[in-house]
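Trainee: I am new to this structure and would like a close look at a single part of it. Could you take me through one strand and what surrounds it, in a connected way?

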Amino acid sequence: MCGANETPKKTAKRPTRRTMRKPAARPTRPSPPPVPSPPSYVPHCSHHVSYLLTVLDRLVPVGTRCAVIGAPLNSNVGDSAIWLGQRALLGALGAEVHYACDLMSYDAAHLAACVPEGPIMLTGGGTLGDLWEDSQLLRERVLRDFPDRRIVQLPQSVHFTDHANLTRARRVFDAHSDLTLLLRDRHSLHRCRTVFEAPALLVPDLAFAVPPHALTGGAASHDVVWLAREDKESAQGPPARRGTIGGRCGGPYVFDWAREATDAEWRQAKETLWRGRARALCRASSGDPVGAAPALLAAYDGLARLQLARGCRLLTSGRVAVTDRLHGHVLGLLLGLPHVLVPDRYGKIRSYWDTWTAHRPPTAPGATVAWAGSEAEARETAGRLLLDLP
């Protein structure tokens, strides 16, 4: 029965045996992408990894070919931990990194050749803002070079000191058609949602996804180690090297892991990886950026593992740690090392503490963590933690 405004369909003639054709073969469906292997992580930090995977899964579908901008070349162990964590997460999501660069090697034409479509990932850390201008300028350049590609800013802390720099960043960010900002503390999240039009989401730091086999600690040779910033993010400079903690003379062992190791074997390993990077960049500049990408990634991964191993050895050389570095805190949790946090200059570590750590139950698996507002309070708290150790 046809509707009032419908015309009846003509009945098609049934084909005779002579005119009947063999039905066309059904087009073969593309095989589904392989299911990625589950990520390897430290069990008592699995909730952070699950949270990160849930958010990234919506932005980076399985089988995606992507680019990662901002591989670390500096000696800051925290940046190396972030790099290895984000590499592990992308691997767990089945994403294939076909282009990577550091601050000095970004090339828009090479990126387009290696990843003609697919998302561009901006590495995580604490560089969104004008404290570390080179990283921010590279971020804005990528956004301008690829205005129509999906770009994901991996977890960052945010701080602008100059309103003119914020205005410039807002202009670049808001002009982009598909930018997503991931922030690792509530203060940064609120700032970005207030200032920028791009969607902003709260997630933990990427270093929680560092695979356990990369966390190689050592034997404790000090009661207390003090990982103290020596850069512009330090609130008060390094603590006094003399004093008493836990009833023992001599004070804590004070260091900043931004200073590199000096032993010959370590430096030789680093120089070998730097040469690998240089060879890969020469191949890319000679017209083969696609072929150079695997060797470049291998160099970046090797440098990050080398720096992370050094940082873990430094931290675990103490039975208790004190630090104003955010990744001293994250690695302390991953390594199960009791530690005390003290403020940095711009409030980054306090904001992260308030967002993720302050409400952590005292009986939670892993390390005991405490906050101290001053050097004197940190010394006293570290002493108490020492007394509680077996």
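**Strand β1 and its surroundings**

Mentor: Six bridges join strand β1 to strand β2 (residues 96–102), and these two strands run parallel, where strands are said to pair if DSSP finds at least two bridges between them. Helices (H or I, at least four residues) and strands (E, at least two) are DSSP runs, numbered from the N terminus. This is a predicted model, in which local features need pLDDT of at least 70 and side-chain atom pairs count only at pLDDT 80 or more, while totals for chains, interfaces and linings use all residues. Residues are numbered from 1 along each chain as its sequence is written, and side-chain values use heavy atoms, with hydrogens and water left out.

Within the pairing of β1 and β2, arginine 65 has glutamate 96 of β2 as its bridge partner. Between the two strands the chain passes through helix α2 (residues 77–92), and this β-α-β crossover is right-handed, meaning that, with the strands pointing away from the viewer, the path from the first strand over the helix to the second runs clockwise. Strand β1 also pairs in the parallel sense with strand β3 (residues 120–122), over three bridges, and here the bridge partner of alanine 67 is isoleucine 120 in β3. Strand β1, which spans residues 65–71, is mostly covered, with six of its seven residues buried (buried is under 20% relative accessible area, exposed over 50%, partly exposed in between, with a 1.4 Å probe and protein chains only).

The helix of the crossover, α2, holds isoleucine 82, a residue that is buried, with a relative accessible area of 1%. Not counting residues up to four places away in sequence, isoleucine 82 touches Thr123, Gly124, Gly125, Arg184, Asp205, Leu206, Ala207 and His327, contact being heavy atoms within 4.5 Å. One of these, alanine 207, lies 125 residues from isoleucine 82 along the chain, yet their C-alpha atoms are separated by 4.5 Å.

Both β1 and α2 are among the elements that give two or more residues to the lining of the largest pocket. On a 1 Å grid over the protein atoms alone, a pocket is an open set of points with protein on both sides within 12 Å along at least five of seven lines, and lining residues have an atom within 4 Å of a point. By class, this lining has 14 nonpolar, twelve polar and eleven charged residues, where Ala, Val, Leu, Ile, Met, Phe, Trp, Tyr, Cys and Pro count as nonpolar, Asp, Glu, Lys and Arg as charged, and the others, Gly among them, as polar.
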